[in-house]
Amino acid sequence: MYGGIQGRNNTLNALQHTGNTNFLTIDLKNFFGNITNSCIHQTLINCGLTWSEARIITRLTTFNYSLPQGAPTSTILSNLAFASCASTLEIFCKDRNITFTVFVDDLTFSSTRYFKHYTDQILKILFNNGFYVNQKKIHYRKNCCEITGLLVKNGRLYLPKEMIAHINKPGIKRYADHVAKMGSAYLSM
């Protein structure tokens, strides 16, 4: 998991996939809204909190019976709620030489080998764990893939064309320097 975890970010997430040529990206549908208050409560109990402690934290961090999008607590709680499913996917992927990462609600799978035939099994694991996918945001690609805002191609990270067009803006320049330092990014394809 790379989202909402100190010391991890979208660049490190994309960097995990630079040695691969086959990519599957999946976006989880209504991710925060599908993580219910009862799921958060049970997750906190599973983390060792008492029923009462878990109830207080659940009441403080959920809204309308689920995690609110944009709340500072939602990403870390969603990571905890998704951890069991992520562990199942990690085992599935490890047995098949597939790299798997999670950045909040964006799942990325990659390998040096073709693995599209595993897509249905991956989707079934997600569904069986109570998570739903955005059918329009399931993509299998070869050789080049956008992963958490960066392009992965030929073993390197690249900035997207939209950023390159504005590279002289201070915020984009700092981001480009950060990406280059971490992942040997190139400014053009």
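These legends go with four close-up views of a predicted model.

**View 1. Helix α4 packs with helix α5.**
Here we look at α4, residues 74-94, and α5, residues 119-128. Their axes come within 10 Å and cross at roughly 155°, which makes α4 roughly antiparallel to α5. The crossing of α4 past α5 is right-handed. On the α4 side, the residues to look for are F82, C85, T88, L89 and F92, and they meet Q121, I122, I125 and L126 of α5. Sorted by class, this contact between α4 and α5 has seven nonpolar residues and two polar ones, with no charged residues.

**View 2. Helix α2 crosses helix α3.**
The pair shown is α2 (residues 37-46) with α3 (residues 51-61). The two axes come within 9 Å and cross at roughly 140°, so α2 lies oblique to α3. The cut-off matters here: an angle has to be over 145 degrees to count as roughly antiparallel. Handedness is easy to state, as α2 passes α3 in a right-handed crossing. From α2, the contact takes in N37, I40, H41, L44 and I45; from α3 come W51, A54, R55, I57, T58 and T61. By class, that gives the contact of α2 with α3 six nonpolar, four polar and one charged residues.

**View 3. C85 and C93 sit without a disulfide.**
Why are C85 and C93 not bonded to each other? The closest cysteine sulfur to that of C85 belongs to C93, and at 10 Å the distance is too far for a bond. Going the other way, the closest cysteine sulfur to that of C93 is in C85, again 10 Å off and too far for a bond. For a disulfide, the two sulfur atoms would have to be within 2.5 Å. A search of the whole structure turns up zero disulfides. Both cysteines are tucked away: C85 counts as buried at 1% relative accessibility, and C93 counts as buried at 0%. C85 also shows up in View 1, where it is one of the α4 residues that meet α5.

**View 4. I35 is a buried loop residue.**
Find I35 in the loop between β1 (22-28) and α2. Buried or exposed, this isoleucine? With a relative accessible area of 1%, I35 is buried. Which residues does I35 touch, leaving aside its neighbours within four places in sequence? I35 is in contact with I40, Y65, S66, L67, S78, A81 and F131. Take A81 from that set: A81 is 46 residues from I35 along the chain, yet their C-alpha atoms are separated by 7.4 Å. I40, another contact of I35, is also one of the α2 residues in the contact with α3 in View 2.

Technical notes: Residues numbered from 1 in each chain as written. Predicted model: local features only at pLDDT ≥ 70, side-chain atom pairs only at ≥ 80, totals over all residues. Heavy atoms only, no water. Axes fitted to C-alpha atoms, helices over the stretch in contact; angles between N-to-C directions. Helix = DSSP H or I, 4+ residues; strand = E, 2+ residues; numbered from the N terminus. Parallel < 35°, antiparallel > 145°, perpendicular 65-115°, else oblique. Left-handed = near helix turned anticlockwise from the far one by under 90°. Contact = heavy atoms within 4.5 Å. Nonpolar A, V, L, I, M, F, W, Y, C, P; charged D, E, K, R; others polar. Buried < 20%, exposed > 50% of the residue type's maximum accessible area, 1.4 Å probe, protein only.
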